[in-house]
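Work through the exercises below with the sequence and the model open side by side. Each task is followed by a solution in steps.

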Amino acid sequence: MAQITDPKATEVYEPVPKKVTPGMNGTAPSDAIVLFDGKSLNEWQSRKSGDAAGWKVENGYMEVVRGTGDIITKRKFGDVQLHIEWSAPTEIVGEGQGRGNSGVFLQERYEVQVLDSYVSKTYSNGQAAALYKQSIPLVNATVAPGEWNVYDIIFHAPQFNKDGIKVADGYVTVLHNGIVVQNHQRLLGTTEYIGFPKNPAHGDGSIILQDHGNPVRFRNIWIREL
């Protein structure tokens, strides 16, 4: 191979990256889709009925209303960067999985656990920021009930060929309150409550927030398609 002596030989000018205005203090950048602005659930619907989402909205946050069921985005997504903030109830009820439990599901199948893991014992692959029943978070970065936890999630979706065979694994990176807790973690498949991961073929999917019976709060939710 000939030696390169001209620095211009390795300079690339096209394409020019699109200009994006960053958000401040976790707010949405200019190219993001805002899924919850603190005022409206217009981007969401009931998972079980398809009707309007039945969760409470007040003071800039949404709150799970027990028994109304999961809520699901009307839009479907593939590879994404997702920002979401959540707060566990200050009234401590139960222990382990019964304490401030909810979840963020990517493509309706892959759960990043939401749980009050500040001072509470449960199975490690089911605590806050776990890829549920698959991957234990590297550290426990959960703040106290009533304070706001921040998840920044980078999701690369699994890929399937026309015959329904998985040809590329999915990967998830999670920053919990600015700390890497899932580092480009390979998804083994769906995050099952009972049994082992499954790998049914699928395309883009919605984001789901779980009604697990606890009044968990969410705010400042935005997403960027990658």
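How many nonpolar, polar and charged residues are in the lining of the largest pocket? The model is a predicted one. By class, the lining holds six nonpolar, seven polar and six charged residues.

**Exercise 1. Describe the two largest pockets.**

Step 1. Begin with the volume: the largest pocket encloses about 280 Å³ of space. It is lined by 19 residues, and those closest to its centre are Ala88, Pro89, Thr90, Glu91 and Pro215.

Step 2. Turn to the second largest pocket, with about 170 Å³ of space. Among the residues that line it are Phe105, Tyr123, Tyr132, Glu192 and His212.

Step 3. Classify that lining. The second largest pocket has four nonpolar, six polar and two charged residues in its lining.

**Exercise 2. Decide whether the ring pair of Tyr61 and Trp148 is stacked, edge-to-face or tilted, and place both residues in the chain.**

Step 1. A pair of aromatic rings is described by the distance of the centres and the angle of the planes. For Tyr61 and Trp148 the centres are 6.4 Å apart and the planes stand at 50°.

Step 2. Apply the cut-offs: planes under 30 degrees apart are stacked and those over 60 are edge-to-face. At 50° the pair of Tyr61 and Trp148 is therefore tilted. The model has five aromatic pairs by this rule.

Step 3. Locate the partners. Tyr61 is in strand 4, while Trp148 is in the loop between strand 8 and strand 9, and 87 residues separate them.

Step 4. Check accessibility. Tyr61 has a relative accessible area of 7% and is buried, whereas Trp148, at 23%, is partly exposed.

**Exercise 3. Find what three of the salt bridges join, and identify a network.**

Step 1. The count for the model comes to 13 salt bridges. In one of them, the side chains of Arg224 and Asp31 meet at 2.8 Å, N to O. Arg224 belongs to strand 15 and Asp31 to the segment before strand 1, so this bridge ties together parts 193 residues apart in sequence. Asp31 is partly exposed, at 25% relative accessible area.

Step 2. Take Lys76 and Glu108, whose side chains form a salt bridge at 3.3 Å, N to O. Here two loops are linked: Lys76 sits between strand 5 and strand 6, Glu108 between strand 7 and strand 8, and the two are 32 residues apart. Both partners are partly exposed, Lys76 with a relative accessible area of 49% and Glu108 with 25%.

Step 3. Take Lys198 and Glu192, which meet in a salt bridge at 3.9 Å, N to O. Lys198 is partly exposed at 45%, and Glu192 is partly exposed at 23%. Glu192 also lines the second largest pocket.

Step 4. Look for shared partners. Lys56, Glu58, Glu63 and Arg217 are joined into one network by salt bridges that have partners in common.

**Exercise 4. Trace the largest nonpolar core.**

Step 1. This core has 38 residues, and those with the most contacts inside it are Trp44, Met62, Leu209, Phe218 and Ile221.

Step 2. Ask which elements contribute. Those that give two or more residues include strand 1, strand 9, strand 12 and strand 15. Strand 6 gives the most, with four residues.

**Exercise 5. Why does Leu106 count as buried, and how far is Leu106 from His156?**

Step 1. Leu106 is found in strand 7. Its relative accessible area is 1%, and buried means under 20%. Leu106 is therefore buried.

Step 2. Leu106 and His156 are 50 residues apart along the chain, and their C-alpha atoms are separated by 9.9 Å.

**Exercise 6. Inspect the backbone for a cis bond and for positive phi angles.**

Step 1. The peptide bond joining Glu14 and Pro15 is cis, with omega about 0°. Pro15 lies in the segment before strand 1.

Step 2. Asn59 is not a glycine, yet has a positive phi of about 50°. Asn59 is placed in the loop between strand 3 and strand 4 and, at 70% relative accessibility, is exposed.

Step 3. Asn177, also not a glycine, has a positive phi of about 55°. Asn177 lies in the loop between strand 12 and strand 13 and is partly exposed, with a relative accessible area of 27%.

How values were computed
Residues are numbered from 1 along each chain as its sequence is written. This is a predicted model: local features need pLDDT of at least 70, side-chain atom pairs count only at pLDDT 80 or more; totals for chains, interfaces and linings use all residues. Side-chain values use heavy atoms; hydrogens and water are left out. On a 1 Å grid over the protein atoms alone, a cavity is a set of points where a 1.4 Å probe fits but cannot get out, and a pocket is an open set with protein on both sides within 12 Å along at least five of seven lines; lining residues have an atom within 4 Å of a point. Grid points are joined across faces, edges and corners, and a volume is the space filled by probe spheres set on the points. Ala, Val, Leu, Ile, Met, Phe, Trp, Tyr, Cys and Pro count as nonpolar, Asp, Glu, Lys and Arg as charged, and the others, Gly among them, as polar. Rings of Phe, Tyr and Trp (its six-membered ring) pair if their centres lie within 6.5 Å; planes under 30 degrees apart count as stacked, over 60 as edge-to-face and the rest as tilted. Buried means under 20% relative accessible area, exposed over 50%, partly exposed in between (1.4 Å probe, protein chains only). A salt bridge is a side-chain nitrogen of Lys or Arg within 4 Å of a carboxyl oxygen of Asp or Glu. A nonpolar core is a set of buried Ala, Val, Leu, Ile, Met, Phe, Trp, Tyr and Cys residues joined through side-chain atoms within 4.5 Å.
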